[in-house]
Amino acid sequence: MRYGLHLLPDAFLLLALLRMTFVHLHTERRAMFFFLASWLVYSLLTLFLAQVHPAGSPEYAAVFAWLTIAAWTYGAPAIWLASSRVARSAGYSIATAAVLFLAILSVKFIFENAALGATGRILALNSWAAVLAGAIFLFASVGAQAPDRLLWLAAGIFFLVYGFGYIFIGMLRPGAWAYPALVLVLSAVWLALAWRVGANPEHLFNLEKLGWIPALLPRAQVLARANRG
């Protein structure tokens, strides 16, 4: 039951990735698809890491740190593409900086907790990185064209909720209900993405397909005349 709850966001993320593949969105937005696929692998590996190394051990913390670094390294191209759009607007840049400042203050509070171990500190830094990426994706989605708007919006909401959710739990320790609630919200984000990714006019029709229509008209007219004759 415990692993089933942890795997719920990963299952819906996998569904969203399969939907992206079905409509060939993985070839149109390679950087984002690669980032989301890498995040899925990262989530699965960190989930079952405790089966290899005891949680809280130095070995566990070392592997967790390397997996976290790898996940954000693989996501750098997608974050960079989104940040180039945010950088064009001074308002979005200021808003991103404000969100980042709040995350830094929260993570600083967590680091000052003497009882926090190495794994907890890595998780706090991971949450900070998630908030930064989420703010970039969210502000980049404003006014963007499809499919970037959909992908950036979903990723922005997910990483903001993910980052601030873990920061909130680490700071306030609200109780056993907090993590299941966070998991359900994160699952809903990927479920919404999977629901929205699908066959739409932009996937069914494009300029390349429409370009065949004028070329086929003369042939169709000749066949119609032959049939009438």
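How are α6 and α7 oriented to each other, roughly parallel or roughly antiparallel? The structure is a predicted model, in which local features need pLDDT of at least 70 and side-chain atom pairs count only at pLDDT 80 or more, while totals for chains, interfaces and linings use all residues. Residues are numbered from 1 along each chain as its sequence is written, and side-chain values use heavy atoms, with hydrogens and water left out.

Helices α6 and α7 (DSSP runs of H or I, at least four residues, numbered from the N terminus) pack at an angle of about 150 degrees, and their axes (lines fitted to C-alpha atoms over the stretch in contact, with angles from 0 to 180 degrees between N-to-C directions) lie 7 Å apart. The two helices are therefore roughly antiparallel, a term for angles over 145 degrees. The residues of the contact of α6 with α7 comprise 17 nonpolar, 6 polar and 1 charged.

The largest nonpolar core (buried Ala, Val, Leu, Ile, Met, Phe, Trp, Tyr and Cys residues joined through side-chain atoms within 4.5 Å) has 53 residues, and Trp72 and Phe159 are among those with the most contacts inside it. Helices that each supply at least two residues of this core include α4 (58-86), α6 (118-141) and α7 (148-172). Residues up to four places away in sequence aside, Trp72 touches Phe159, Ala129, Ala130 and Ala133, among others; contact means heavy atoms within 4.5 Å.

Ala61 lies in helix α4 and is buried (under 20% relative accessible area), at 8%. Leaving aside neighbours within four places in sequence, Ala61 is in contact with Ala118, Thr119 and Ile122. Ala61 and Ala118 are 57 residues apart in sequence and 6.2 Å apart in space, C-alpha to C-alpha.

Notes:
Buried < 20%, exposed > 50% of the residue type's maximum accessible area, 1.4 Å probe, protein only. Parallel < 35°, antiparallel > 145°, perpendicular 65-115°, else oblique. Nonpolar A, V, L, I, M, F, W, Y, C, P; charged D, E, K, R; others polar.
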